[in-house]
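Please open the model in a viewer and keep the selection tool at hand. The tour proceeds by selections, each followed by an account of what is found there.

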Amino acid sequence: MKTPDSVIDLYAAFAQAESQTRSESIKFGIQNRMRSGRTILNHRQFLGYTKGPDGVLQIVPEEAEVVRRIYRRYLEGCSEGQIQRELTQDWIATAKGVKAWSHQIVHNILTNEKYAGDALLQKTFTTDCISKKVKKNTGELPQYYIKDNHPAIIPRDIYQRVQEEMARRTNEN
């Protein structure tokens, strides 16, 4: 027996409504967790850290040395491109295990507050549960800055000096 199209449409509408309701519930839980200062950070694509048995980020010494090298070389006057080439030439793996660095990966490490032990939450968000499109948060949703969230690889003053140097170099161009 063939089901009328209107019945299929009705089932599809119910399924979509259920999906949206679940999505809103999950978003609400995530928002509450962020407001309370509890974080869940993606450690798999985050050079220098792994998740410890207690769920808290722990420093991976060998990877942390690469992060320190990137900050040090930048403050010594190297460009992001020079640092990228050095790391690639030395066959050092990225957080994803790739031994070919990009300018963007170096830039992301230099601008990521997590290396100073802090966490800015909700940098991006999913626009809707159907398309699952991720968008950079430019003020649409609140962001939460958690200071001293986890052990720092880079001292806060070094992190700040790099941000100031980046701004200075940008203004020179």
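**Starting point: Trp91**

Select Trp91, just after H3, where the backbone takes a positive phi of about 55 degrees. The model is predicted, and the values quoted along the tour are computed from it. Trp91 has this positive phi although it is not a glycine. The residue belongs to the loop between H3 and H4. Is Trp91 buried or exposed? Its relative accessible area is 61%, so Trp91 counts as exposed.

**The whole chain**

Now display the protein chain as a cartoon. Five helices and six strands make up its secondary structure. Followed from the N terminus, the elements run α-β-β-α-α-α-β-β-β-β-α. Colour the 173 residues by accessibility: 32% of them count as buried. For an impression of how the chain folds back on itself, consider the contacts between residues at least 6 apart in sequence; 56% of these join residues at least 24 apart.

**Helix H3**

Select residues 80-89, which form helix H3. Which residues of H3 are buried? They are Glu80, Gly81, Ile83, Glu86 and Leu87. Add H2, H4 and helix H5 (156-172) to the display, since the cover over these buried residues includes them.

**Where H2 meets H4**

Next, select helix H2 (residues 61-75) together with helix H4 (residues 103-111). Two packed helices are described by the angle between their axes and the distance between the axes. Here the axes of H2 and H4 come within 10 Å and cross at roughly 90 degrees. The angle falls between 65 and 115 degrees, and H2 is therefore roughly perpendicular to H4.

Show side chains at the crossing. H2 contributes Val67, Ile70, Tyr71 and Tyr74, while H4 contributes Val106, Ile109, Leu110 and Thr111. Sorted by class, this contact comprises seven nonpolar residues, one polar residue and no charged residues.

**The nonpolar core**

In soluble globular proteins, nonpolar side chains tend to be buried together. The largest nonpolar core in this model has 25 residues; select Ile70, Tyr71, Trp101 and Tyr115, the members that touch the most others. H2, H3, H4 and H5 each supply at least two residues of the core. The largest share comes from H2, with six residues.

Centre the view on Tyr71. Apart from its neighbours within four places in sequence, Tyr71 is in contact with Ile109, Leu110, Thr111, Asn112, Tyr115, Ile154, Ile158, Tyr159 and Val162. Of these, Ile109, Leu110 and Thr111 also appear among the H4 residues that meet H2.

**Glu165 in H5**

Move to Glu165, which is placed in helix H5. Why does Glu165 count as buried? Its relative accessibility is 17%, and the cut-off for a buried residue is under 20%. Draw a distance between the side chains of Glu165 and Arg169: they make a polar contact at 2.8 Å. Beyond residues up to four places away in sequence, Glu165 touches Tyr74 and Leu75. Tyr74 was met earlier, as one of the H2 residues in contact with H4.

**Final stop: Asp148**

Finally, select Asp148, in the loop between strand S6 (144-146) and H5. Asp148 is not a glycine, yet its phi is positive, at about 55 degrees. With a relative accessible area of 56%, Asp148 is exposed. To close, show Asp148 beside the starting residue, Trp91, which likewise has a positive phi of about 55 degrees.

How values were computed
Residues numbered from 1 in each chain as written. Predicted model: local features only at pLDDT ≥ 70, side-chain atom pairs only at ≥ 80, totals over all residues. Heavy atoms only, no water. Axes fitted to C-alpha atoms, helices over the stretch in contact; angles between N-to-C directions. Helix = DSSP H or I, 4+ residues; strand = E, 2+ residues; numbered from the N terminus. Parallel < 35°, antiparallel > 145°, perpendicular 65-115°, else oblique. Contact = heavy atoms within 4.5 Å. Nonpolar A, V, L, I, M, F, W, Y, C, P; charged D, E, K, R; others polar. Buried < 20%, exposed > 50% of the residue type's maximum accessible area, 1.4 Å probe, protein only. Polar contact = N/O pair within 3.5 Å; in protein donor to acceptor, adjacent residues only side chain to side chain. Core = buried A, V, L, I, M, F, W, Y, C linked by side-chain atoms within 4.5 Å.
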